[in-house]
Amino acid sequence: MKAHTIACVLALAAAVAAQDEIHAYKAARIWPAGGSPVEQGVLVVVGGKVAAIGGADTAIPEGAKVHDLGSAVITPGLVDASWQRTGSPEDRNEQSSEVTPHMRAIDAWDPLDPQVVRARKGGVTTLHHTPGNRAVIGGLGVVVKTTPASAPTTLLKDDVSLRITMGAEPSMGNRAIRGGSVDSIYYRRPTTRMGVVWEVRRAFSKAQDYQQRTIAEGSPADPAMEVLVRALQGKVTVITTARAEQDIRTALRLADEFGYKTAIDEGVESHVMAEELAAAGATVMVGAPSADRVSGAGGSDGAEPRWSTLSRLATAGVPFVVTTGGNAAALPLAQEAMFAVRFGLTPELALDAVTLRPARLLGVDDRVGSLAPGKDADFVIWSTDPFDPTAVATAVHVNGTRIQD
Amino acid sequence: MNKHLIGAAIAAALSLSLAAQDTVFVKGGKVVTVSGPVIENGVVAIANGRITKVGPADQVEVPWDAQVIDATGKVVMPTWVLAHSQGSLRSANENMQNVPYVSVADAIDPSSTFFEDCLRNGVGTIHILPGNATLLGGIGMIVRPAGRTVEDMAVRTRTGLKLSLQAQGGARLQQVRRMRRALEEIREYLADFDRRKAEFDKEKAAGAIPADKQWTEEYDRLKKPGIDLVQKKLKGWMYVPSSAEVDEALRLAEELELAIVVGQDVEKAASKLARFKAPVVLDENLEYWTRDEETEAERKVCTAKVLADAGVGFALSLGAGGPTSYPWWQLATCVRNGVDRKVAIESLTTVPAQMLGIGDDVGSISEGKFGNLQILSGDPLAATTWVETVLLEGKVAYERSKDQRLQYLLKAPEPAPAKPANTGNGGD
Amino acid sequence: MSIPMTSSFRILAAALAAALIASQASAQDVLVRAAKLVVSPDLVLENGELLVRSGKVAYVGSEIPAEARQRATKREWPTATIAPGAVVAFGWLGQEEALGERATAFTPELRAADGFDGTTEAVRKLPAEGVTAYGLAPSSRNVVAGIGALVKPAGEFARIPADDLFLHLSVVKQARDQERWPTSIMGAADLLRTTFKAAANPVSGDTRLRPFREAMQGQRQVFVHANTLNELTVALDACTQAGIAPVVVGAGDAAKCIDQLKAARARVVLGTASPDAKVAQLELPAKLEAAGIPFAIAGEPSTLRWSAALAVRHGATRRTALSALTRVPAEMLGMQDRIGSLRAGCDADFAVWSGDPVELTSELLAVYVDGEERHVKDAAQAAKEKN
């Protein structure tokens, strides 16, 4: 009898605990990303994961806490594929050498950075935090979630990308210090675009040699070479920052030469060569479409921005994402997507560009990027359609938990 | 007698037909008058540059030969009014600090892309003033964004004297002291002038001065604007950079006729500004983050919302570039932060019109006002809305279909001809 | 003229000699007594006594042999409290420039003891602040900075009883020099990890890695200087991966990662606290105490008591605050058998306070280092203050 009572109590406790984990959200519209929005949608979350998503007739499990959100709109948590706002420029750029592939952006990460909090309040739940653009080959990026301050950083994927930079930016500051000693670390190649490209070629050539050697001789590991070899093998996503047309072209050429695939970050003039990009299957990461000025430490590289970039890429079938990128004047990501709509993208495409597509690019779409059964329950409740400039993110959930800020 | 009648009749007929050519009817759109109700299917009639009638389509007759602009499916609004701008000024600030005598009329560049952007964004009236970096900056004027010369563009001249409490390479307090000193100097000059005149009159009355010598002195031309300011004959437009200077501005507002333009850090002085009893102009930074020094937590502040909550009226400004240069973005920012939509729209229409003293001419669609209209493709606060047409005093000043720069930006360029495959390595 | 060696003379000579020997022996011992004797923060003796012999604490309290007690010179402070002299766990005594090599960030063999100038006023003034031992570190300008030492004030010249103590690492801003590798925290993190990895590799013949191997085998303490959350994370991750429980110096953002510190079995050395500091900073000692993370208070010697008093004011216990100045830093330096407490066998380093040593109203009456009086409150000054 006593055992039975205890079992009942335990079962009740378990049921109560489980009850806390089941939530159903009813909203006027749900954008799951990767498809059309659902009117009068229902989102069911169990244990921090999406259990079901559908229209008004979606089955809601027993014991679920139902949240009737009225006219609110739900979208997946946004994914910023080019986050360059955490960590000082000094800390995200190792200046002692031009080629530092083994530097890791996770070592320059502050989860409590106010910029991260701001992004989260604006509906961004996943960030791709990368090294800066001052080195030719800057290092490894990491995908993190903008989890609550009290919890440790949720690392979604480490060492996910390798950053390469074309153009004037990596060669800035490289020269002999006037009147000073020539043993400064800045007195070195490259000081021109040619030098920048030469560095990339040299690095990958050495990596190819290294690849042969280690197979043959079992020599000790060189961390820099190891990373480059992984890039050659397609085990990390190579992202090349290139703004002007000539730099984008060079980036594609280098990738072709060494047999790796690259995405293009910024890609300000990508609209001029959309067909080539489509042929190369290179994803363009368009940064801050709202900005009237191209931003970069080295200036604009002579790149001329257009508002038509995104629609041109869409028409030509070039894969693309929208990010905040390296532009200090960038608006919160949701509003950048809104500007993408203003400049001609459909709302579905614009939302995909800040959710599912970046998740796919970074290889984390099994967990985030859209609201589908089995994925993490990272979602945002908006006061109205997120492409309405008066919309506000009223609640942000990560892993099903609402984040109180 | 008959001849006169016929002559009169002919004259009348002629003037009628002429009038018909100066008359424009904008019909079919949703008319947001701002001062009155929204008219779903409305007609706005403009003649000789001014609105003659506004009403629902079934209440306003459109003559068969009238010039009609079809706004079906669109939104018709008054053009936006900017109470304070440095747009188009090649150099907004003089190097010398005390230059009340310079005028923006000499610095406005009619060919500036600023005016092109104004039309593109539906701005129809701009009050241009010198910048914020000069103590007594110079005289402003109100312009329309269309015309070949400054004279063509002028709506009102000598509209105000720009003042600024922004610290120039020194402490805040120094700029306040400089301002007080500058005004004191003007008053001293006036007192001295009056004293000399009184002396002259006295001596003349005493018969000491020969009859052919008259008091012909006039105020120093260079000092005149400052004198007009002190004598309340000219409105001062004072830039108040932060809450620390608000007290001084309020004190000066008691002596002068002042309009206040506030910088970003207005949050802490909102209740003080309520004592000013007139709307203030906000600068273009409507939204910013402040950090609590102790907890390091950040908080978003919207200057418009702070003022709205404190019961202070405000007019908006536009930035020089980027999203803050778009009226729709600035308005949406206000609404996003909780400002009432109606109050937001008024901050770019009726409120600045009142502040500029041209409330009878611009700011809303009502009889008697200028035919300054913008026809929008949709809701003025929506991201997908574009300005299709702008009428300034009844004349079409902008049409999006003919906007080459916009087409250049928005239309995708022709794809580059296919390049031959790259055969070898080596630089290009 | 020769002295006749009569038996009475011999007896007198022997007696004189014995008296001489006895008087010499008693001249070396000093019996110290005070109203309160803090042997260590958890052991306080009322009307406590200890016997100083040859610079060490020979006996404490009831263990003092009667004979020695009798023969010893008495030094008594009837109303005072005697506590162990303060031990500063980490610092440069104003000589950071001299204690670092700027050309490279990797200087594991550099010893602070070699670069130290023991004749400076900063050292001589230590006793006047109640400090009897000081953990001297190499400059934090280098990521792998070198080996620390123990310095003790001793009159004209300082003494260095131990010159091969802790291994000092640093990832703070000054270690990221824009003129040489590493310029970024990514580089600093990589340098630490690579070094630990190389040290773990038994094949590596680099003798410079010996201190690292000793650290990884628990034979040498590692101090790591880190302040921001980013720096702390990098430092703790690197140490944890190498199996090292570090002493974290600075730890400005410790409040944001208490759990990480605890998991890494880290101890903390805090710098000078200031009354204008943020509340989060002032409450940090109490937070560390509550989490069971041992901490020492270091910084400017003249500010040690302020820091301790502020810690108490913001929630730390007096015992923990006193430990932070004595026992804990001694343990961090691995010298707890000699300094940081007044147990038998420890160095005779003690401070005489007019009241509670952590209380700001207490005056420092005297300081002894290695049994020698190194500071005494000036009688003339005392008279002047009275008037």
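**Two interfaces, asked and answered**

Modeller: The domain assignment, automatic or from a database, splits chain A into domain 1 (12-77 + 372-403) and domain 2 (78-361). This is a predicted model, where local features need pLDDT of at least 70, side-chain atom pairs count only at pLDDT 80 or more, and totals for chains, interfaces and linings use all residues. Residues are numbered from 1 along each chain as its sequence is written, chains are lettered from A and ligands numbered from 1 in the order in which they are written, and side-chain values use heavy atoms, with hydrogens and water left out.

Biologist: What makes residues of domain 1 and domain 2 of chain A count as in contact?

Modeller: Contact means heavy atoms within 4.5 Å. On that rule, 24 residues of domain 1 of chain A meet 23 residues of domain 2 of chain A.

Biologist: Why is Asp376(A) with Lys145(A) called a salt bridge?

Modeller: The rule wants a side-chain nitrogen of Lys or Arg within 4 Å of a carboxyl oxygen of Asp or Glu. Here the closest N and O atoms are 2.6 Å apart, so the pair qualifies. Between these two domains the count is 2 salt bridges.

Biologist: And which residues form the salt bridge between chain A and chain B?

Modeller: Glu298(B) and Arg118(A), with closest N and O atoms 2.9 Å apart, so they pass too. The rule finds 1 salt bridge across that interface.

Biologist: How much area is buried between chain A and chain B?

Modeller: About 3,000 Å², with carbon and sulfur atoms giving 60%. That is accessible area (1.4 Å probe) lost on putting the two parts together, summed over both.
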